[in-house]
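I opened this notebook page to record how some of the helices pack and what surrounds the main pocket. The entries follow the order in which I looked things up.

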Amino acid sequence: GVAGTAGHSVGEFTAATVAGILSEHDSVSLVAERGRAMAAAEFKGKKDATLSIPAPAGGKLKRVLLLGLGPVKAFDTATAEKTGAVLYGQISADETVTVMLEGLPDAATSAARMASGAQLKSYRFDKYHTKPEKNGKPKIKSLTLQTDDPLSAKKVHAPLAAIADGVFFTRDLVTEPPNGAA
């Protein structure tokens, strides 16, 4: 799997360790590797910047993805949705992804809006493809955004999921070819 971190410190690794996603040893190794990788790539956490770090061998993870959020003061619902779309673009080739959210304003709403952005980005219209793409089709089966208030995040996300379903239905309708009736 992949662990993504969205926050402003190394607390995400602590949270991943407590959640059982990382062992203590892997967490310490990743914190050190994170620092080296960030310095080498000059990753500063700018909005929508990403940095992929290979996870230690033998653990549950293949990699850790750092996703820049920009200044905390500028992180609003629109930014959260765009961040979710950027996240989906980076993780769609992975099967299982867990994102640790920490230090975001209104964490439940931020998580719900990020989930909505990822959901909207996931739309594909493959109905008439005669040759399936080998490497182009998303493989993701599970995206979990972990926050300190998951029940509130689910409650906020429910109407957003309904809107996404309506958007998908509309996209399907306008993408279908006409039936030829005159």
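Helix 3 and helix 4 are oblique to each other, which I noted first in this predicted model. I had looked up the axes of helix 3, residues 77–91, and helix 4, which come within 6 Å and cross at roughly 50 degrees; angles under 35 degrees would count as roughly parallel and 65 to 115 as roughly perpendicular, so this pair falls into the oblique class. I also wrote down that helix 3 passes helix 4 in a right-handed crossing.

I then listed the residues that meet: T77, A80, E81, T83, G84, A85, Y88 and G89 belong to helix 3, and T109, S110, R113, M114, S116, G117, A118 and K121 to helix 4. Sorted by class, this contact has five nonpolar, eight polar and three charged residues.

Next I turned to the packing of helix 4 with helix 5, where I found an angle of about 20 degrees and axes 8 Å apart. Because the angle is under 35 degrees, helix 4 counts as roughly parallel to helix 5. The crossing of helix 4 past helix 5 is right-handed. From helix 4 the contact draws on A108, T109, A111, A112, R113, A115, S116, Q119 and L120, while helix 5 brings residues including S152, A153, V156, H157, L160 and A161. In this contact of helix 4 with helix 5 I counted 12 nonpolar, five polar and three charged residues.

Last, I looked up the largest pocket, which has a volume of about 410 Å³. Its lining takes in 19 residues, and A115, L143, T144, L145 and H157 are the ones that lie nearest the centre. Helix 4 (107–121), strand 5 (142–146) and helix 5 (150–175) each supply at least two residues of this lining, and by class the lining residues divide into 10 nonpolar, seven polar and two charged. I noted that A115 and H157, listed nearest the pocket centre, also appear in the contact between helix 4 and helix 5.

Note on methods:
Residues numbered from 1 in each chain as written. Predicted model: local features only at pLDDT ≥ 70, side-chain atom pairs only at ≥ 80, totals over all residues. Heavy atoms only, no water. 1 Å grid on protein atoms, 1.4 Å probe; cavity = no way out; pocket = protein on both sides within 12 Å on 5 of 7 lines; lining within 4 Å. Points joined across faces, edges and corners; volume = space filled by probe spheres on them. Helix = DSSP H or I, 4+ residues; strand = E, 2+ residues; numbered from the N terminus. Nonpolar A, V, L, I, M, F, W, Y, C, P; charged D, E, K, R; others polar. Axes fitted to C-alpha atoms, helices over the stretch in contact; angles between N-to-C directions. Parallel < 35°, antiparallel > 145°, perpendicular 65-115°, else oblique. Left-handed = near helix turned anticlockwise from the far one by under 90°. Contact = heavy atoms within 4.5 Å.
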